[in-house]
Amino acid sequence: MVFNLRWGILATGGIAETFVEDLLRDPTGRGVADVTHTVAAVASSSSKSSADSFVQRLQIPQPCATYGSYAEAVNDASVQVIYIATPHSHHFQHAMLALEAGKHVLCEKAFTVNAAQAKILCETAMKKGLFLMEAVWTRYFPLSIEVRRLVQTGAIGEVLRVVSDLSIGDEPETTWNSDHRMINKDLAGGALLDLGVYALTWVFQILYHTLPRSQRKAPSQVTSHMSKYPGTGADEETTMIVTFPTTTPSALPGRTSHAVAMTAFRVATDPDNRGSAGPSIQIHGTKGHIQIFGPAYRPERYRLVPSSEAGDATTIQDVHMPVPGGARGMFWEADEVARCVRDGKLESESLPWDESITIMEVMDKVRQQGG
Ligand SMILES: NC(=O)C1=CN([C@@H]2O[C@H](COP(=O)(O)OP(=O)(O)OC[C@H]3O[C@@H](n4cnc5c(N)ncnc54)[C@H](OP(=O)(O)O)[C@@H]3O)[C@@H](O)[C@H]2O)C=CC1
Ligand SMILES: O=C1OC[C@@H](O)[C@H](O)[C@H]1O
């Protein structure tokens, strides 16, 4: 039996458009046969006509209701789940609006502006028996799932270090107006919340999430460096060292694992867009490395490099896992939402609430350290 999930889209900006384009693709094109998606409503806070032109532009099949306010969309009885695609500054209020109206929620990253807000959202979802998830689409890429499996099955031994970077090589002065959400503090702009969350996603996917749930522990130490963009005061570069307490039944008793997570506007992880500068994520284990290529949010290739004791050059695996059909790759997270709603789950096992909150707590500390 195929389960169809009916979505309400909150906002008509850049990512709402990309997400809906992916949502409208035939799931069989990515080998998915158990869930499908319908866009039941689109809402714009600017005007109903913005919602109308969004529906026309994206050729969203009818019936699809359009609204000039978010409140109307969350109260549409035909909508089951709300996708929130507003700036970070507004995620809390819009997610609350949807939860209070009894709707499940998929909320764009960064989940909220701080951990306190994230906790309230999760408590509300729990109280109301509703599904809630931060839209970290990267987690649902087949490549992410495969890399987590490799780590869990010991393919590179015990992982002691992760180095992760998402830096985009854009000069803020010439790339954005000072009111743009990327650098506008009123919209919770800055590299950390917008991009650093992906660098931390890889850190947490590997050093936290691959452990059994009962053994996952918040970082014991967070140290950071932050540079501010003089034009607005938002952070334009943030580098974090995140240390985790020993959790694994380790061959190296007492050993901690740690990570360096980086994000920046002015310099780029991949300056020539061809991977010449090396991987964006490196996972260092006692028996080898995993290197991940492509932007941290959209990884499409990994290399598994065993250490010389474990193999020789011929055992290096270079694996390409491109997103099918020229899509962005946001449909996998949408499929996860559909399965969770179908199965009556309140949170996704691949990104449970406690993990989103713990990541927010790291970013809270980093922003405090950065002033
Ligand atoms: N997962 C991913 O790959 C990506 C995620 N994102 C995330 O999505 C969110 C939105 O980003 P993006 O789509 O690029 O942003 P845009 O500025 O393109 O769109 C944001 C939309 O939010 C609505 N909105 C509501 N209130 C406000 C407000 N006070 N100021 C500005 N806009 C408002 C507007 O839609 P309307 O007028 O129709 O209500 C606006 O078009 C961010 O949280 C970002 O981190 C962004 C890019 C990629
Ligand atoms: O989530 C994101 O991923 C892609 C980036 O280009 C964008 O700025 C960011 O919001």
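## Two ligands and a stacked ring pair

In this predicted model, a polar side-chain atom of E108 lies 3.1 Å from a nitrogen atom of ligand 1; a polar contact is a pair of N or O atoms within 3.5 Å. Residues are numbered from 1 along each chain as its sequence is written, while chains are lettered from A and ligands numbered from 1 in the order in which they are written. Local features need pLDDT of at least 70 and side-chain atom pairs count only at pLDDT 80 or more, whereas totals for chains, interfaces and linings use all residues; side-chain values use heavy atoms, with hydrogens and water left out.

**Ligand 1**

- Two further polar contacts join in: a polar side-chain atom of H88 is 2.9 Å from an oxygen atom of ligand 1, and a side-chain N or O atom of Y198 is 3.3 Å from a nitrogen atom of ligand 1.
- The protein covers 77% of the 890 Å² of accessible area that ligand 1 has on its own (Shrake-Rupley method, 1.4 Å probe).
- Around ligand 1 there are 23 residues, of which T12, S44, S45, S46 and Y70 come nearest; a residue counts if one of its heavy atoms lies within 4 Å.
- That shell has 9 nonpolar, 10 polar and 4 charged residues. Here Asp, Glu, Lys and Arg count as charged, Ala, Val, Leu, Ile, Met, Phe, Trp, Tyr, Cys and Pro as nonpolar, and the others, Gly among them, as polar.
- Helices α1 and α8 (191-207) each supply at least two residues of the shell around ligand 1; helices are DSSP runs (H or I) of at least four residues, and strands (E) of at least two.

**Ligand 2**

- Which residues are around ligand 2? They are K109, R181, M182, D194, L195, Y198 and Y297.
- By class, this shell holds 4 nonpolar, no polar and 3 charged residues.
- Oxygen atoms of ligand 2 take part in polar contacts with side chains: with Y198 at 2.6 Å, with D194 at 2.9 Å and with R181 at 3.2 Å.
- Of the 270 Å² of accessible area that ligand 2 has on its own, the protein covers 73%.

**Aromatic rings**

- The structure holds 10 aromatic pairs, meaning rings of Phe, Tyr and Trp (its six-membered ring) with centres within 6.5 Å.
- F19 and Y83 have ring centres 3.8 Å apart and planes at 20°, so this pair is stacked (planes under 30 degrees apart).
- Because F19 lies in helix α1 (residues 14-23) and Y83 in strand β4 (residues 81-84), the pair ties together parts that are 64 residues apart in sequence.

How values were computed
A polar contact is a pair of N or O atoms within 3.5 Å; within protein, one must be able to donate a hydrogen and the other to accept it, and residues adjacent in sequence count only if both atoms are side-chain atoms. Rings of Phe, Tyr and Trp (its six-membered ring) pair if their centres lie within 6.5 Å; planes under 30 degrees apart count as stacked, over 60 as edge-to-face and the rest as tilted.
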